[in-house]
Amino acid sequence: MWLRRVPAAIAARRGYGTAGRRLLLRQLFEASSSSFTYVLADAGSGDAVIIDPVLETVPRDTRLLRELGLSLRYAVNTHCHADHVTGSGALRAALGCRSAISRASGARADLLLRHGDELRFGAFALRARASPGHTAGCLTLVLDDESMAFTGDALLIRGCGRTDFQQGCARTLHRSVHEQIFTLPEECLVYPAHDYNGHTVSTVGEERRLNPRLTLSPDAFVALMEGLRLPRPRRMDEAVPANLRCGIQDEPV
């Protein structure tokens, strides 16, 4: 588990404590799929959101929420994952939160989000930006002051998600990142759904300048992605069907 501690002056600029609000953020890791889960909460009201929970770590996440005295309002997925089973259904059953995912994903959930929709928790809100390309139903979730963005697999640190399954499209992904993520402020923190190299956070400005894939032209990016020839995700046949229904199930799988 990572707790990002930010000096007060920087925190004020980045929205951790502005205009009488104070945001609690926890970044958690699931090793077998190299997945990040994020808990965000209004420290005043205790209202919380969890982003991209993993089924196997639901006991850890539930324990943390209870230890911190938080009330989970939403369990949201940035997309329908192919490498792990989401924990949103199990959290919904255990804690009574509402599940959420993009309407374009084809998955079932309490809330089917479109571009521009908001998830409010206390004095904060996450705004959905459609960022398809890795899958047809990818969302980037942006904090209301644009101080941080949870980019799912659309934008990774110095990389991006693959585009060769689940209605993926390299040209669409390039356009999504440049139009929906790279248009955010340079200092906006980038929190991805995965990392395979020991990184935890980047910024929009860093990725605009340094991302070796997304600094390419659209045509060069398409050629690169089409030539990757990546192996099929090990749990894809299990994960995708489960994730298409996991947001509304009544009992943990």
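## Salt bridges, cores and helices in a predicted model

The side chains of Arg21 and Asp145 come together in a salt bridge, with 4.0 Å from N to O. This pair links distant parts of the chain: Arg21 sits in the loop between α1 (8-14) and β1, while Asp145 sits in the loop between β9 (139-143) and β10 (148-152), 124 residues apart. Keep in mind as you read that the model is predicted.

### The chain as a whole

Let us step back for a moment. The chain has 7 helices and 12 strands. Of its 253 residues, 56% are buried. If you take the contacts with a separation of 6 or more, residues 24 or more positions apart account for 64% of them.

### Pairs of opposite charge

Side chains of opposite charge can pair when their charged atoms come close. How many salt bridges does the structure hold? There are 15 salt bridges in the structure. Here are some of them:

| Pair | Closest N to O distance |
|---|---|
| Arg21 and Asp145 | 4.0 Å |
| Arg235 and Glu56 | 3.2 Å |
| Arg208 and Glu186 | 3.4 Å |

Take Arg21 and Asp145 again. Arg21 is buried, with a relative accessible area of 17%, whereas Asp145 is partly exposed at 31% relative accessibility.

Now look at Arg235 and Glu56, whose closest N and O atoms are 3.2 Å apart. This pair also links distant parts of the chain: Arg235 is in the loop between α6 (218-226) and α7 (236-245), and Glu56 is in the loop between β3 and α2, 179 residues apart. Arg235 counts as buried at 15% relative accessibility, and Glu56 is partly exposed with a relative accessible area of 44%.

The side chains of Arg208 and Glu186 form a salt bridge as well. Arg208 belongs to helix α5 (residues 204-210) and Glu186 to the loop between α4 (170-181) and β11 (189-192), so this salt bridge ties together parts that are 22 residues apart in sequence. Arg208 is partly exposed, its relative accessible area being 29%, and Glu186 is partly exposed at 45% relative accessibility. Salt bridges can also share partners: in this way Arg21, Asp144 and Asp145 are joined into one network.

### A buried charge without a salt bridge

Next, find Asp47 in strand β3 (residues 47-51). Is Asp47 buried or exposed? Asp47 is buried, yet has no salt bridge. The nearest side chain of opposite charge belongs to Arg73, 4.2 Å away. A salt bridge needs the nitrogen and the carboxyl oxygen within 4 Å, so Arg73 at 4.2 Å does not form one with Asp47. What does the side chain of Asp47 reach? It reaches the backbone nitrogen of Gly122, at 3.3 Å. Leaving aside residues up to four places away in sequence, Asp47 touches Leu40, Ala41, Asp42, Ser71, Arg73, Phe121 and Gly122.

### Two nonpolar cores

The largest nonpolar core has 24 residues, and the members that touch the most other members are Leu40, Ile51, Leu126, Met148 and Phe150. Apart from this core lies another, of 19 residues, including Leu24, Leu65, Cys97 and Ala242. Phe150 is a good residue to click on: beyond four places away in sequence, its contacts include Leu25, Tyr38, Leu40, Ile51 and Leu126. Tyr191 is also one of the residues that Phe150 touches.

### Two helices with a buried side

In helix α2 (residues 58-67), the residues Val58, Asp61, Thr62, Leu64 and Leu65 are buried. Why do they lie on the same side of α2? They do so because they cover an arc of only 160° around the axis. On the other side of α2, Pro59, Arg66 and Glu67 are exposed. Among the elements that cover the buried residues of α2 are β1 (23-30), β2 (35-42), β3, β4 (71-76) and α3 (88-95). Just after α2, Gly69 takes a positive phi of about 70°.

Helix α6 can be read in a similar way. Its buried residues include Phe221, Val222 and Met225. These residues cover an arc of only 100° around the axis, which puts them on the same side of α6. The buried residues of α6 pack against α4.

Key: Residues numbered from 1 in each chain as written. Predicted model: local features only at pLDDT ≥ 70, side-chain atom pairs only at ≥ 80, totals over all residues. Heavy atoms only, no water. Helix = DSSP H or I, 4+ residues; strand = E, 2+ residues; numbered from the N terminus. Buried < 20%, exposed > 50% of the residue type's maximum accessible area, 1.4 Å probe, protein only. Lys, Arg positive; Asp, Glu negative; His and termini not counted. Polar contact = N/O pair within 3.5 Å; in protein donor to acceptor, adjacent residues only side chain to side chain. Contact = heavy atoms within 4.5 Å. Core = buried A, V, L, I, M, F, W, Y, C linked by side-chain atoms within 4.5 Å. Arc of directions from axis to C-beta.
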